[in-house]
Amino acid sequence: LNKGIAIERLMKRLTLTNCIAAGDSEFDIPMLSRADTRIIPSVLEQQLPAENTITISTSVFSDGICDYLNTIAK
């Protein structure tokens with residue numbers, strides 16, 4: 001079991017068609033690979049496709065996620 005499988009199960013159970021995921025480590029790559037849109041720190045850029053990837057460059061990753069989500073919510 002990994003986070004990618006967990007996302008697939010959750011999406012199936014809730015009958016969701018799209019998924020946004022944020023992760024900050026290599027442990028999160030299966031989940032990020034499964035997501036339709038992924039939010040990552042720059043350290044993971046080389047390990048995931050650039051398409052549908054939002055890269056956060058702030059020193060505090062969670063602050064960058066909040067800033068991004070606030071921007072798209074407006």
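Okay, let's start with Asp28, which is buried, at a relative accessible area of 5%. Before I go further, a reminder that we're looking at a predicted model. So where does this aspartate sit? Asp28 is in the loop between β1 and α2, and α2 itself covers 29-34.

What does Asp28 touch, once we set aside neighbours within four places in sequence? Lys3 and Gly23 are in contact with Asp28. There's also a polar link to the backbone: a polar atom of the Asp28 side chain lies 3.0 Å from the backbone nitrogen of Asp24.

Now, Lys3. Side chains of opposite charge can pair when their charged atoms come close. That's what we have here: Lys3 and Asp28 form a salt bridge, with their closest N and O atoms 2.5 Å apart. Since Lys3 lies in helix α1 and Asp28 in the loop between β1 and α2, the pair ties together parts that are 25 residues apart in sequence. How many salt bridges does the count come to? Just one salt bridge.

The two partners fall into separate classes of accessibility. Asp28 counts as buried because its relative accessibility is 5%, under the 20% mark. Lys3 comes out at 32%, so Lys3 counts as partly exposed.

Let's stay with Lys3 for a moment. Leaving out neighbours within four places in sequence, Lys3 is in contact with Phe27, Asp28 and Met31. And if you want a feel for distances across the chain, try Ile65: the C-alpha atoms of Lys3 and Ile65 are separated by 19 Å, and these residues are 62 apart along the chain.

Next, the cysteines. How many disulfides does the structure hold? Zero. Why is Cys19 not bonded to Cys66? The closest cysteine sulfur to that of Cys19 is in Cys66, and at 17 Å it is too far for a bond. Looking from the other end, Cys66 is in no disulfide, and its nearest cysteine sulfur, the one in Cys19, is 17 Å away. Buried or exposed? Cys19 counts as buried, because its relative accessibility is 9%. Cys66 is partly exposed, with a relative accessible area of 44%.

Let's move to the loop between α1 and β1. Helix α1 covers 3-13, strand β1 covers 20-22, and Leu16 lies in the loop between them. Thr15 lies in the loop between α1 and β1 as well. Thr15 has a phi near 50°, a positive value in a residue other than glycine. With a relative accessibility of 67%, Thr15 counts as exposed.

Leu16 counts as partly exposed because its relative accessibility is 43%. And which residues make the nonpolar surface patch? Leu10, Leu14 and Leu16 make it, and its area is about 270 Å². So if you rotate the model, look for those three leucines at the surface.

Last stop, Asn52. Here's another positive phi: Asn52 has a value of about 60° although it is not a glycine. You'll find Asn52 in the loop between β2, which covers 37-41, and β3, which covers 53-56. Asn52 has 44% relative accessibility, so Asn52 counts as partly exposed.

To recap, then: there's a salt bridge between Lys3 and Asp28, zero disulfides, a nonpolar patch made by Leu10, Leu14 and Leu16, and positive phi values at Thr15 and at Asn52. That's my tour, thanks for listening.

Note on methods
Residues numbered from 1 in each chain as written. Predicted model: local features only at pLDDT ≥ 70, side-chain atom pairs only at ≥ 80, totals over all residues. Heavy atoms only, no water. Patch = residues over 30% accessible without salt bridge, like charges linked within 9 Å, V, L, I, M, F, W, Y side chains within 5 Å. Areas by Shrake-Rupley, 256 points an atom, 1.4 Å probe, with all protein chains shown as cover. Salt bridge = Lys/Arg side-chain N within 4 Å of Asp/Glu carboxyl O. Helix = DSSP H or I, 4+ residues; strand = E, 2+ residues; numbered from the N terminus. Buried < 20%, exposed > 50% of the residue type's maximum accessible area, 1.4 Å probe, protein only. Polar contact = N/O pair within 3.5 Å; in protein donor to acceptor, adjacent residues only side chain to side chain. Contact = heavy atoms within 4.5 Å. Disulfide = S-S within 2.5 Å.
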